[in-house]
Amino acid sequence: MEELIQMQYLTVSRDIEGESGIVNLRVHDILFMEFSIPADRVVVHTMEEQFYMNGTLKYWSGMLSASGYTFRNVDRNLVNVDRIMLIDSVYKKAYFEPEIHKGSKCCTMAFKRYNKIKEELLAYNPGILIV
């Protein structure tokens with residue numbers, strides 16, 4: 001497994017047009033990714049910031065999986081399964097902190113596929129709390 005994880009950073013930008021220059025972002029720091037139609041970019045979320053990069057979620061899902069990372073499509077976004085700490089079973093959201101507060105980052109999960117998604121996430125990360 002260690003041999004597979006060679007891509008440790010993604011090249012992103014702090015702004016949509018890339019005018020702020022290149023930022024190398026550790027893949028481990030990524031909580032989730034979503035595609036923004038207005039921006040025509042993939043938006044990459046970390047605990048502190050959001051970044052932008054080109055491509056599609058399908059492309060990045062395949063690339064990250066082939067590189068040994070566990071990102072899963074849970075709605076219209078890719079979530080880093082290793083970073084999920086809690087799932088809200090009422091509102092179908094994944095959280096990346098052990099307690100939910102007003103500023104908590106979260107990622108929506110598809111209502112129709114929730115049970116299947118939850119089972120898959122728990123298989124990869126049994127430490128996830130369900131509330």
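This is a short walk through two sheets, a helix and a few side chains of one structure.

Okay, ground rules before we look. What we have here is a predicted model, where local features need pLDDT of at least 70 and side-chain atom pairs count only at pLDDT 80 or more, while totals for chains, interfaces and linings use all residues. Residues are numbered from 1 along each chain as its sequence is written, and side-chain values use heavy atoms, with hydrogens and water left out.

Let's start with the sheets. When I say helix or strand, I mean DSSP runs (H or I of at least four residues for helices, E of at least two for strands), numbered from the N terminus. Two strands pair if DSSP finds at least two bridges between them.

So, one open sheet has five strands, in the order S5-S4-S3-S7-S6, with antiparallel pairing. Which strands stand at the edges? Those are S5 (50–53) and S6 (71–73); each has a single partner strand, so one side of each is left without a neighbour in the sheet. On average, neighbouring strands here are turned by 25° against each other, direction ignored. Axes, by the way, are lines fitted to C-alpha atoms, for helices over the stretch in contact, and angles between N-to-C directions run from 0 to 180 degrees.

Zoom in on S3 (residues 32–36) and S4 (residues 41–45): they pair in the antiparallel sense over five bridges. Met33 stands opposite Val44 in S4. In the loop between S3 and S4 you'll find Asp40, whose phi is near 55°, a positive value in a residue other than glycine.

Now the helix. H1 (residues 57–66) lies across S3, S4, S5, S6 and S7 (77–80), and it runs at about 155° to S3.

Next, the other sheet: four strands, open, in the order S10-S9-S8-S11, with mixed pairing. S10 and S11 have the edge places with a single partner strand each, so one side of each has no neighbour in the sheet. S8 (residues 86–88) and S9 pair in the antiparallel sense over three bridges, and Leu86 stands opposite Tyr95 in S9.

On to rings. How many aromatic pairs does a search of the whole structure find? Two. Rings of Phe, Tyr and Trp (its six-membered ring) pair if their centres lie within 6.5 Å; planes under 30 degrees apart count as stacked, over 60 as edge-to-face and the rest as tilted. Phe32 and Phe96 are stacked, 5.9 Å centre to centre with 10° between the planes. Phe32 lies in S3 and Phe96 in the loop between S9 (93–95) and S10 (106–108), so this pair ties together parts 64 residues apart in sequence.

Tyr59 and Trp60 are edge-to-face, at 5.0 Å centre to centre and 85° between the planes. Are they buried or exposed? Buried means under 20% relative accessible area, exposed over 50%, partly exposed in between (1.4 Å probe, protein chains only). Tyr59 is partly exposed at 42%, whereas Trp60, at 12%, counts as buried. Phe32 and Phe96 are buried too.

Last stop, Lys92. This residue is in the loop between S8 and S9, and it is buried, with a relative accessible area of 15%. Its phi is near 55°, again positive in a residue other than glycine. Where does its charged end sit? Over the ring of Tyr114, 4.6 Å from the centre; that takes NZ of Lys or CZ of Arg within 6 Å of the ring centre and within 35 degrees of the ring normal.

Technical notes
Contact means heavy atoms within 4.5 Å.
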